[in-house]
Amino acid sequence: MPPNFSARVLRDIKARNGVKANEVARRAYLYVARNQTLPPEVRYQAQLQLNTFGKYTRPTTPKNRCTETGRGRGIISEFGLCRFQFRTKALAGQLAGVRKASW
Amino acid sequence: MAAPVSAVNPSRLAALTRLRCAVFQTSYNPTGVRTGAKYLRARLRGPSMAEYYPPVLTVAKFNRMSHGEFKIDDRHEAQRLADIEEAKRRGKGAPKKAKSAADSRRAGRRR
């Protein structure tokens, strides 16, 4: 992450920290809500509680962005880099085990 | 080679499954009712999610960490504050925060 990160990266970091902070509580409510052996009223209340969590607590909100440039598309997930940063770093020999193919 | 399955009584098979569950400490759930156990069993994904971006040390962060023992001049921050002062001096500063909804610039806006 560069020192002048974009607002989108900051938002993503916020979402990631929110997920981490609320994960245990969310799991507990999920367990109650999805448990068919519990009475329906209890499960319904648990589902209502789940709905009160904000969007920055859901594990599907964070999006993998480029760790160098913050770009949101064209990310090569094994390296966490966008395609151009991947190319640049690979050609510079900064990615272990990556070499340019030619055939 | 197919084994003769029909020779075994179903209740005996169920008893075997129950016994197997007791031996291997798994829960006996022949009807496959959803207990929500998978949400408790799954690993927590938050910790690995939170460290996706590598940590970055900035001047401000360093100064906070050192508790005043060391201090590096944050030139960019100093320049920013100086620019704000200059803008205020020329009457070009940011407007005051609205104390109520009526003071807000958005109040007179048509929607």
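**Exercise 1.** How far apart are the mean positions of the positive and negative charges of chain A?

*Solution.* Keep in mind that we're working on a predicted model. Start with the tally: chain A carries 20 positive and 5 negative charges. Next, take the mean position of each set; the two points lie 8 Å apart.

**Exercise 2.** List the secondary structure of chain A and put the elements in order.

*Solution.* Count first: there are 3 helices and 2 strands. Then walk along from the N terminus, and you'll read α-α-β-β-α.

**Exercise 3.** Check the radius of gyration of chain A against that of a compact globule.

*Solution.* For 103 residues, a compact globule would come out near 13 Å. Chain A has 20 Å instead. Now look at the C-alpha trace: along the principal axes, chain A spans about 65 × 35 × 20 Å.

**Exercise 4.** Split chain A into its assigned domains and work out how they sit relative to each other.

*Solution.* The assignment puts residues 1-63 in domain 1 and residues 64-103 in domain 2. Domain 1 of chain A brings 8 residues to the contact, and domain 2 of chain A brings 6 residues. As for spacing, the C-alpha centres of the two domains are 30 Å apart.

**Exercise 5.** What share of the residues in chain A is buried, and what does the surface consist of?

*Solution.* Taking buried as under 20% relative accessible area, you get 29% of the 103 residues. Turning to the outside, the accessible surface of chain A is about 7000 Å². Carbon and sulfur atoms account for 53% of that surface.

Key
Residues are numbered from 1 along each chain as its sequence is written. Chains are lettered from A and ligands numbered from 1 in the order in which they are written. This is a predicted model: local features need pLDDT of at least 70, side-chain atom pairs count only at pLDDT 80 or more; totals for chains, interfaces and linings use all residues. Side-chain values use heavy atoms; hydrogens and water are left out. Helices (H or I, at least four residues) and strands (E, at least two) are DSSP runs, numbered from the N terminus. The radius of gyration is taken over C-alpha atoms; the globule rule is 2.2 Å times the number of residues to the power 0.38. Buried means under 20% relative accessible area, exposed over 50%, partly exposed in between (1.4 Å probe, protein chains only). Accessible areas come from the Shrake-Rupley method with a 1.4 Å probe; for residues, only the protein chains shown count as cover. Lys and Arg count as positive and Asp and Glu as negative; His and the chain ends are not counted. The place of a charge is taken as NZ of Lys, CZ of Arg, CG of Asp or CD of Glu. Domain bounds come from an automatic or database domain assignment. Contact means heavy atoms within 4.5 Å.
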